[in-house]
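Thank you all for coming, and please have the sequence and the coordinates open while I talk. I will go through strands, cores, charged pairs and a few single residues, and I will try to keep to what the model itself shows.

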Amino acid sequence: MVFVPLTGQRYDMPAMFGPSPVPDRTVIGDAHAIVLSFPTSRAAAGKMLPGHFRLPEAVTASISYVSYQNVDYLGGRAYNEIVVSINAEHGDGDDAIVAGFAPILWVNKVGALIAGREYMGLGKLFGTIPDAAVGESEASFTCYEEDALLLRAGASSLRRLAPEAVQRVNDKAGEVRTFGWKYIAAPGGGSDLDYPLINVMRWDYRDAWSGEGSIEWLTPDRLAAPFSSAALAVLSALPIEGSVRAFRGTGRAIIDRTATRRLAART
């Protein structure tokens with residue numbers, strides 16, 4: 001008897017041992033986000049955007065640190081991630097979607113890398129991401145590949161938002177959409193798969209703060225950071241064309257894999 005995947009079940013490689021251990025929805029009761037956003041140039045951002053998407057007239061980029069506690073598919077363990085995102089668009093007219101495209105993410109647990117990279121089309125790499133240092137009015141975070149420092153960033157002058165302001169944030173955060181790009185190389189060149197996706201997270205913040213941010217990309221060489229150095233050469237050239245806004249929030253997050261959808265590919 002040979003292995004045949006069950007219809008309607010989701011499988012990750014190695015698939016022959018049963019359906020994916022990653023559930024349709026991951027509910028995290030204690031999540032912590034630090035988001036640094038800034039305007040940047042179309043030319044620089046365009047170097048990180050697959051042809052399935054287009055840039056809006058005004059381009060914004062963000063660097064986020066997110067910490068997830070008690071994650072179901074990790075056996076209750078925590079993980080941290082760094083997300084780079086640029087705002088983008090897909091489709092036209094009534095079918096147009098506006099969302100962030102994440103050209104690269106770092107995570108510090110292999111299970112989280114597999115869960116997002118294979119199914120959701122997220123370009124995840126493994127990194128060392130210490131827990132953020134958080135004070136009353138400031139916060140900072142870093143990311144490493146092996147011993148090579150990749151990123152140093154932080155928020156300062158943080159001010160707690162009033163309950164009504166937190167509610168306004170939650171009105172938008174109930175469905176945070178992120179574009180993915182499923183690309184699998186083909187033997188001999190080209191691709192076996194090349195198409196865009198949309199993914200959804202749902203946030204419900206209990207507390208939130210706003211302030212100012214700072215971002216410093218490092219540029220280790222390929223020997224020091226074999227998998228990250230090429231990305232850092234591009235990211236370090238991404239200009240900050242205005243002030244860096246900082247947001248910090250703590251609350252409940254849902255990774256809703258049932259909302260992941262394949263989008264039309266641009267040919």
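What follows is a walk through a predicted model, beginning with the strands towards the end of the chain.

Let me start with strand β11, which covers residues 245-262 and is mostly covered, since 13 of its 18 residues are buried. On one side, β11 runs antiparallel to β1, and 11 bridges join the two. Strand β10, residues 191-217, also pairs with β11 in the antiparallel sense, in this case over 14 bridges. If you would like a single position to look at, take A246 in β11, which stands opposite L36 and is also the bridge partner of G211.

Now to the interior. Which residues have the most contacts inside the largest nonpolar core? They are W106 and F141, in a core of 46 residues, and the strand that gives the most to this core is β8, residues 148-160, with six residues. There is also a second, separate core of 28 residues, which includes A31, V107, M201 and A253. Coming back to F141, and leaving out residues up to four places away in sequence, we find that it touches I34, L36, I63, Y65, I82, A132, L151, R152 and A153. Two of those names return in this talk: L36 is the residue we saw opposite A246, and R152 takes part in a salt bridge with E216.

That brings me to the charged pairs, of which the structure holds nine that qualify as salt bridges. In the pair of E216 and R152, the closest N and O atoms are 2.5 Å apart. Because E216 lies in strand β10 and R152 in strand β8, this pair ties together parts that are 64 residues apart in sequence. Both partners are partly exposed, E216 at 35% relative accessibility and R152 at 39%.

R160 forms a salt bridge with D207, with the closest N and O atoms 2.9 Å apart, and this pair again links β8 to β10, over 47 residues of sequence. Here R160 is exposed, with a relative accessible area of 53%, whereas D207 is partly exposed at 29%.

A further pair is R202 with D256, also with 2.9 Å between the closest N and O atoms, and it links strand β10 to strand β11 across 54 residues. Is D256 buried or exposed? D256 counts as buried, at 3% relative accessibility, while R202 counts as partly exposed at 26%. Salt bridges that share partners join R202 and D256 with R25 and E175 into one network.

Finally, some individual positions. S85, in strand β3, is buried, because its relative accessible area of 15% falls under the 20% cut-off. Leaving aside neighbours within four places in sequence, S85 is in contact with T60, A61, S62, G100, F101, A102 and P103. G76, by contrast, lies in the loop between β2 and β3 and is partly exposed at 34%. With sequence neighbours up to four places away left out, G76 touches N70 and V71.

At the surface, F3, M16 and F17 make a nonpolar patch of about 360 Å². Of these, F3 lies in the segment before β1 and counts as partly exposed, at 38% relative accessibility.

Technical notes. Residues numbered from 1 in each chain as written. Predicted model: local features only at pLDDT ≥ 70, side-chain atom pairs only at ≥ 80, totals over all residues. Heavy atoms only, no water. Helix = DSSP H or I, 4+ residues; strand = E, 2+ residues; numbered from the N terminus. Buried < 20%, exposed > 50% of the residue type's maximum accessible area, 1.4 Å probe, protein only. Contact = heavy atoms within 4.5 Å. Core = buried A, V, L, I, M, F, W, Y, C linked by side-chain atoms within 4.5 Å. Patch = residues over 30% accessible without salt bridge, like charges linked within 9 Å, V, L, I, M, F, W, Y side chains within 5 Å. Areas by Shrake-Rupley, 256 points an atom, 1.4 Å probe, with all protein chains shown as cover. Salt bridge = Lys/Arg side-chain N within 4 Å of Asp/Glu carboxyl O. Pairing = 2+ DSSP bridges.
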